[in-house]
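I set out to look up the nonpolar cores of this protein and then its pockets. My entries follow the order of the search.

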Amino acid sequence: MLLDACLSPMGIQQVSERRKEIIKSGLLNTVQLVITSPLRRAMQTSVGIFRGEEDMNQFDIFPKVNNSPPIVALEICRERMGLYPCDKRESIGTYRTCFSEIDFTMSDEDALWAEERENMKDVSPRGLHFLKWLWERPEKDIAVVSHGIFLQQTLRALHEIVGTPVEDNHLKRFANCELRSIRLDKSDMEAYTLTTYNC
C-alpha cells in the first residue's frame, strides 16, 4: 500500500502554498530547468509547483501556466534507497502514462533498489556526483525537487568533504516542501574535481 507513496492531503496543501510563494517571488519566471527524483511524491510536487497541475485525478487543484520550465526525472537524486516501500518506485512505463509532462529519458528501470537500507555514507558520493552533473548543465537556474536525506547529505558532503563553505542553516534537516536556495561557484566545483570520492 505504501509502495512509491503519493502526496498526502497535507502534502497537496504544502505544494499549493509553495507554488503561490514561488509565483509571488518571481522565481517561476527564472527557473530554466526542474530536476526531479523519480519517486511519485517528488514528481507530484514538481508538476504541482512548476506546471500548475498534478496527476492525482484531482484536476483543478493548481491553476495551469503556459510558460513553464522542462521537468527531467533523474535517478541519482532520489531518496536514500532500500528497505522502505515508500522509497521503491514504480516502473518508468507506468510513470510515462501518469506524468506525461516529465522527461524520463535519463531514467531507466529501477536498478538502484536493494532490500537493505542504503548506508548514509553511500548517499554522500551520490550527492556529489549529482552536483557535478548539475554543474555541467548549460542552465544556470535549476530547481531540484528531491528528498530531505538526499539533499542534506549532499550539502554536508559539499561542506565536509569538498570544503565548500555552507551556512549552518543549510545543513540542517529539510522540512516537507521546503525551499532552499544554494549558489554554486566555479571554485566549489573545482574543489570537487580535485576530490576523489567514488559513486
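**Cores and pocket**

I looked first at the largest nonpolar core, which has 21 residues; Val 34, Phe 50, Phe 99, Ile 102 and Phe 104 have the most contacts inside it. I took a nonpolar core as a set of buried Ala, Val, Leu, Ile, Met, Phe, Trp, Tyr and Cys residues joined through side-chain atoms within 4.5 Å, buried being under 20% relative accessible area with a 1.4 Å probe, protein chains only. At least two residues of this core come from each of H1, H2, S2, H3 and S4, these labels being DSSP runs numbered from the N terminus (helices H or I, at least four residues; strands E, at least two). H2 supplies the largest share, five residues. Apart from this core I found another, of 20 residues, including Leu 131 and Leu 158.

The model is predicted: local features need pLDDT of at least 70 and side-chain atom pairs pLDDT 80 or more, while totals for chains, interfaces and linings use all residues. Numbering runs from 1 along each chain as its sequence is written, and side-chain values use heavy atoms, without hydrogens and water.

I next checked Met 81, in the loop between strand S2 (71-73) and helix H3 (92-98). Met 81 counts as buried because its relative accessibility is 5%. Its C-alpha lies 9.7 Å from that of Phe 150, 69 residues apart in sequence.

Key: Buried < 20%, exposed > 50% of the residue type's maximum accessible area, 1.4 Å probe, protein only.
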